[in-house]
Amino acid sequence: LQACIPDPAWSISLNGASWYLSAALFLYFCFPRLSPLVSRLDKGRSLALAFLAALVYQLVLAGIMAVVFAGNKDFFNWSVYLFPVFRLGDFVAGCIGARFWELYGSRLSQLSGKFIYMGWLLAFALVFWSVSFVDREPAGILQKMVENWSTVFILPGICWILLGALGRGLPAGFLAWGPLVKLGNLSGSTYL
């Protein structure tokens with residue numbers, strides 16, 4: 001539960017990546033309540049609105065944290081990266097992505113190769129756009145809401161997951177390449 005404590009000495013103690021166990025425990029208890037809600041989403045419009053709601057949740061929470069932890073960069077970074085309640089936004093977005101795949105995955109798999117490669121180009125562009133926000137020093141609350149360590153990666157992350165699930169295109173083949181997967185089994189950072 002160390003990531004629940006807003007102190008960098010505690011929140012990433014022991015094994016640094018173990019902070020996510022705190023988030024996983026919190027999300028584990030949230031999932032039974034979220035699953036029926038996400039399962040009711042049955043159209044593209046409702047999925048898009050729910051996805052937008054997850055993003056707004058994270059943006060509003062980031063804004064609140066920017067005010068609460070004004071002037072304390074370490075605590076603000078904790079609140080928008082390690083704090084389990086904040087991670088609920090990207091978890092819900094991932095659940096919505098899974099629901100989108102359930103409803104539209106078979107249609108996506110019928111797209112031509114040209115559309116798949118355009119999707120990969122868009123996914124790469126979104127990643128590079130998102131990375132441009134990391135480690136910048138935001139000037140005001142509105143910038144902090146957008147340029148936190150998590151929210152800017154939700155959309156590219158969902159795109160990569162859906163395109164990877166299709167299993168088509170050179171990037172999907174590379175990401176599923178045996179030696180690379182073996183490195184990923186050793187360490188997620190090595191895989192990335």
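How many salt bridges does the rule used here count, if a salt bridge is a side-chain nitrogen of Lys or Arg within 4 Å of a carboxyl oxygen of Asp or Glu? The count comes to 2 salt bridges. The structure is a predicted model, in which local features need pLDDT of at least 70 and side-chain atom pairs count only at pLDDT 80 or more, while totals for chains, interfaces and linings use all residues. Residues are numbered from 1 along each chain as its sequence is written, and side-chain values use heavy atoms, with hydrogens and water left out.

One salt bridge joins the side chains of Asp-90 and Arg-87, with 3.0 Å from N to O. These two residues, Asp-90 and Arg-87, are 3 residues apart in helix H5 (residues 84–108), so about one helical turn separates them; helices here are DSSP runs of H or I with at least four residues, numbered from the N terminus. Asp-90 is buried, with a relative accessible area of 18%, and Arg-87 also counts as buried, at 11%, where buried means under 20% relative accessible area, exposed over 50%, and partly exposed in between, judged with a 1.4 Å probe and protein chains only.

The other salt bridge links Glu-102 with Arg-99, whose closest N and O atoms are 2.8 Å apart. Glu-102 and Arg-99 are likewise 3 residues apart in helix H5, and therefore about one helical turn lies between them. Here Glu-102 is exposed, at a relative accessible area of 57%, whereas Arg-99 is buried, at 15%.

On helix H3 (residues 44–68) we find Ile-64, which is partly exposed with a relative accessible area of 45%. Together with Leu-49, Leu-52, Val-56, Val-60 and Val-68, Ile-64 makes a nonpolar surface patch of about 530 Å². Such a patch is made of residues with over 30% relative accessible area and no salt bridge, nonpolar side chains being joined within 5 Å and like charges within 9 Å.

Finally, we come to the second largest pocket, which holds about 450 Å³ of space; a pocket is an open set of points on a 1 Å grid, where a 1.4 Å probe fits, with protein on both sides within 12 Å along at least five of seven lines, and lining residues have an atom within 4 Å of a point. Its lining has 20 residues, of which Phe-100, Leu-108, Ile-158, Cys-159 and Leu-162 lie nearest the centre. H3, H5, helix H6 (113–131) and helix H8 (154–166) each supply at least two lining residues, and H8 gives the most, with 6. The lining of this pocket divides into 17 nonpolar, 3 polar and no charged residues.

Terms used: Accessible areas come from the Shrake-Rupley method with a 1.4 Å probe; for residues, only the protein chains shown count as cover. Grid points are joined across faces, edges and corners, and a volume is the space filled by probe spheres set on the points. Ala, Val, Leu, Ile, Met, Phe, Trp, Tyr, Cys and Pro count as nonpolar, Asp, Glu, Lys and Arg as charged, and the others, Gly among them, as polar.
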